[in-house]
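Here is a short tour for a reader new to this structure. Please keep the sequence and the 3D view at hand.

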Amino acid sequence: MGKRTRYLTITAICIPVITKENYPLYIRSTPMENELRFQYMVHTSLDMVDEKISSMGKALVNQRELYLGLLYPTEDYKVFYTTISKVKFVMVVNPSNTALRDNEIHRMFWKLHNSYIDVMCNPFCNPRTISRPGTDNMVMSMMIQVC
Amino acid sequence: MSPTQWDLPVELCCRPMAFVTLTGLDVVYNAVHRAVWDAFCANRRADRVPISFKVLPGDHEYPKCRPKRTSYEWYIPKGILKTGWMNKHLNLVPALVVVFYELDWDEPQWKEKQSECATRVEIVRQSLQGRNTKVAVVLIQKKTPLPPGEDVIASERAAALCNACELSGKSLFVLPHTDHLVGYIIRLENAFYEHAQTYYYTEIRRVKSHKEFLNKTTHQLLFVRHQFKIAFFSELKQDTQNALKNYRTAYNLVHELRAHETNILEIKTMAGFINYKICRLCFQHNTPLDAIAQFRKHIDLCKKKIGSAELSFEHAAWMSKQFQAFGDLFDEAIKLGLTAIQTQNPGFYYQQAAYYAQERKQLAKSLCNHEASVMYPNPDPLETQTGVLDFYGQRSWRQGILSFDLSDPEKEKVGVLAIQLKERNVAHSEIIITLLSNAVAQFKKYKCPRMKSHLMVQMGEEYYYAKDYTKALKLLDYVMCDYRSEGWWTLLTSILTTALKCSYLMAQLKDYITYSLELLGRASTLKDDQKSRIEKNLINVLMNESPDPEPDCDIFAGKTAQKLWADRISLAGSNIFTIGVQDFVPFVQCKAKFHAPSFHVDVPVEFDIYLKADCPHPIRFSKLCVSFNNQEYNQFCVIEEASKANEVLENPTQGKMCLVPGKTRKLLFKFVAKTEDVGKKIEITSVDLALGNETGRCVVLNWQGGGGDAASSQEALQAARSFKRRPKLPDNEVHWDSIIIQASTMIISRVPNISVHLQHEPPALTNEMYCLVVTVQSHEKTQIRDVKLTAGLKPGQDANLTQKTHVTLHGTELCDESYPALLTDIPVGDLHPGEQLEKMLYVRCGTVGSRMFLVYVSYLINTTAEEKEIVCKCHKDETVTIETVFPFDVAVKFVSTKFEHLERVYADIPFLLMTDLLSASPWALTVVSSELQLAPSMTTVDQLESQVDNVVLQTGESASECFCLRCPSLGNVEGGVATGHYIISWKRTSAMENIPVIRTVITLPHVIVENIPLHVNADLPSFGRVRESLPVKYHLQNKTDFVQDVEISVEPSDAFMFSGLKQIRLPAQAFYSYQYFCQATGSTHG
């Protein structure tokens, strides 16, 4: 994992996984005290996701993966997004990482998505319990590792 | 709101326009002057030149011009921009002063008037001494002027007047007071505009000329000031491109200034002003991206320039204002036609402004928490002599001091204290709410529902802090459902917690209970200790007591709330609250499930109500009742807390009424359905669960249908997606997720206990009275009453079949068209247990094909269900498909008397009609008789007796008859001659005596009759003997009207010897017969 060192420069503050129906499947943010604020941020970013998806319409089906890039710039954080099968991954990133490159973010999502698939492939995994904190630290650590 | 320190000055935000003053106009008493003034200022549309006019008296004192500085060497500026400067050039120092004077060219007292005019001009000039302001004279004339050059006096006097007033010819105008006033005024103001532009041009030049005297060390502030002035004059000159360029330079210069805690406010203030101007001009030039980029740069540069930590709320206030001002500019540009997008709209700026306003509030709260004893300093350090500051962004107690060292720390302290105490009085929440509501309006416009909800939550919270709990609740309640429907439980919980506080502080019982119910529920992400606190409060409230105060509430408001709650208790009356749960997620879940999708009417209807509580402690409910679409059943499905008297006794229902957290409680209900409801659906319309009792307070949770709340459908979806195996539970427990709501059931009739048997011999034969024997036998244990039979063609088949099928109970007579296809409700009396009855049914089918017949037997029986006597109507039906076939085929042929087949018959010559009846029935048929009814054109040769009377035909057998007929000559008939009808009377051989005979009529075919000229008839003995003569007689008959020549030749066979004429020729008379004899002798070989 020689590449790991490069990712260390990027600090994702909050990573949620959101279902097709827009309810949160999994949310994890690193400074816990501001969790509510991040959740609001992620939730509001879904407006843009909805809009982008609906404007894409049919073209969406053909695309193998959707990386929407920066959703909207806020004062303190940046929000990124990608989706496959309408499950959404959002990342709130500290903007102090000015060196953040689009393709790096893209690769982070790719890894995140792969680990999500791994989790979901487990027939004994209950999609509902992902969101319950403390139930599967294994899953969490897996997701956090990527970043 | 009155303008605050942070609002941008009006003179900065307005669009600068050339300032021109008009003197010598008496707009109050002089109608002509009034009209002139109105023409200048009324209806100034966009196509008019941008000038702001002002009427001033001729002797108005304009602001004095300070003497020109010859050297800047010793000059040290005290600040960047004087507060009065912009206003001075917008509203006080004109670019042009116009002197209006009433004077016609042919004025008799010209000399006097001319000198008066010159005096007026001189007075104005005096006042403007030192300024570059232009002066112009307008002569108001009564007469229309002649074309230029024609009026010699006019040009002479004009030149003289110019001379007297020291004006150039370009500054003298004539305004004839005639019909075309507005036209003249527009021409005038265009001329004024040119003068004004020249003025501002010279002003720009003048400011620029100062530059060379400046040095970088002491005059840093002047660089900014001059650059700003140049830009501002360019704007007044309407040269926005250059204005923008100069503002940009000014902006860069501001940030080059050496910043220190003492002057950071001044720098930020000026940077804010210049930034505002730049953004405004960018939007005006339709380059919104430039505006946004500039604003970003501005924010990035200034964000960290907080200045004094003790006054850091000022920085937040300033930041907030920056965002708000940009939002306003953006919004204004959109109103003028700019299109914004979802990710770039004014809403974001208002939101950010609100964020800084919140920060300001927080900072103010922590920095301005002086004790009440701290008095506002006297004398007020914020007061200045003039009431205003000399320079923008400076501190009133040390104006014009440029030193970075604080010369008087004590004064500084007092000043800071004054600012802090003033900040305490600011209505922060009001500012925040205004900004948030601006943002909400924008996000609504740009399709950001979630952003809108989020901002509304913030607004609600702000109202909560502002102690406007009613508004707070209204907003929070409005957005709750958005978060609930998308399942963002953490956010919902946070909103609910605030809402609960609001409802506590207002002692709003119903809201308080509703929010408590949801905060205890599974959607809440509260910790258990919080939940148990809320549950305890809820129980207190239900017991008509006051709840404990919510944590972190304002102390004063909390006290008021306690009083309110105490008042609520003493109030008697309506203490029952019905709360519909479909819109939220309460802590009790309910599911109703009928045991079966249908119940027989004689079996009790059973269903279960499952209840589950998610609260931390067990909770007792007082009543559970179920409502149905047929309300008569409601009374049977109620569980109520036993009355007090019974409570002493060991009551088995006690355990039932208690809900243990996490455990699924199953309650079984049963009732007997009404017989009227057979065939109907019984539906659970609602389930009501009462918590608390009527003596205290009572909450009725109302589930519509068979249970389920706002989160159920989502959970069901998740459960369906999950493959996870559920852990095993003890037998008497069930998994909540595995319970599927079934809120309706059908009531169906009792199972009949009779047998219906049909006996018949298919297939049916066309038109016969087909016999169907129905046997009904009762297997019931009691007598059955009112047995009724409905039988016949099953409805819903081909409509033609109904016309061609007839049913009767009486087989003795043939039924005709008038009989129905279906006999309904034939009463057949009562039946004792085991008894059976038989009913004959006769069906007559007029056409072949298959038909479905229905036999439906209904009856009444008394029975009991759950020790209740009920009368049940039962029924049983049988369906049978019966094929109808033709009984026989009839073939008819014409043959000659020698049984030779005839294609046609000959007139007057006898022929044979042969009928052949071939039985097609699988059953034996009895042909009772047959009859030939001849057409009038046919005559019979002998008796027409039936030859097949009482013949029995088995399948495949046939019966033939032969009739000798003759047809008289009728001439040539097209299509042949009708023969008549053949009528067969028949019945099944097996049919009973009294069954009527069926007559089947067959129409015989037409036959072609042909006339022939000559008819030869040979009369041969039936036998001859060897070697004896055999007389042969030929009859020749001429059938025509005229004589025919006939030649006869006889050619005997070799077996006979022949005598007589072998060849003769004779005439044959018309209608005459000849007999020709010949004899032949011979032998036949033995």
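Read from the N terminus, chain A follows the order α-β-β-α-α-β-β-β-α-α. That gives 5 helices and 5 strands. The model is a predicted one.

How much of chain A is buried? Of its 147 residues, 51% are. The exposed area of chain A is about 7200 Å². Carbon and sulfur atoms supply 55% of that area. Contacts tell another part of the story. Take the contacts in chain A with a separation of 6 or more: 56% of them link residues 24 or more positions apart.

Now to chain B. Its domains are 1 (588-642 + 656-720 + 737-748), 2 (754-885), 3 (888-1010) and 4 (1014-1080). Taken over C-alpha atoms, the centres of domain 1 and domain 4 of chain B lie 113 Å apart.

Next, a strand of chain B, β33(B), which covers residues 980-988. Why is β33(B) described as largely enclosed by the rest of the structure? Buried here means under 20% relative accessible area. In β33(B), 8 of the 9 residues are buried, so the rest of the structure largely encloses this strand.

β33(B) also has strand partners. The table lists two of them, with one residue pair for each.

| Partner of β33(B) | Residues | Sense | Bridges | A bridge pair |
|---|---|---|---|---|
| β29(B) | residues 925-934 | antiparallel | 9 bridges | Leu925(B) with Arg988(B) |
| β34(B) | residues 998-1003 | antiparallel | 6 bridges | Ser985(B) with Arg999(B) |

In the pairing with β29(B), Arg988(B) is the residue on β33(B). In the pairing with β34(B), Arg999(B) sits in β34(B) and bridges to Ser985(B).

A helix of chain B comes last. Helix α16(B) spans residues 469-486, 18 residues in total. From its first C-alpha to its last, α16(B) reaches 26 Å. This is close to the 26 Å expected at 1.5 Å a residue. Where does α16(B) kink? The kink is centred on Val479(B) and comes to about 25°. Val479(B) is also one of the buried residues of the helix. Others in α16(B) that are buried include Tyr469(B), Ala472(B), Leu473(B), Leu475(B), Leu476(B) and Met480(B). Towards the end of the list come Tyr483(B), Arg484(B) and Glu486(B), which are buried too. Just after the helix, Gly487(B) adopts a positive phi of about 70°.

Key
Residues are numbered from 1 along each chain as its sequence is written. Chains are lettered from A and ligands numbered from 1 in the order in which they are written. This is a predicted model: local features need pLDDT of at least 70, side-chain atom pairs count only at pLDDT 80 or more; totals for chains, interfaces and linings use all residues. Side-chain values use heavy atoms; hydrogens and water are left out. Buried means under 20% relative accessible area, exposed over 50%, partly exposed in between (1.4 Å probe, protein chains only). Helices (H or I, at least four residues) and strands (E, at least two) are DSSP runs, numbered from the N terminus. Two strands pair if DSSP finds at least two bridges between them. Domain bounds come from an automatic or database domain assignment. Contact means heavy atoms within 4.5 Å. Accessible areas come from the Shrake-Rupley method with a 1.4 Å probe; for residues, only the protein chains shown count as cover. The expected span of a helix is 1.5 Å times one less than its number of residues. The bend at a residue is the angle between axes fitted to the seven residues ending there and the seven starting there.
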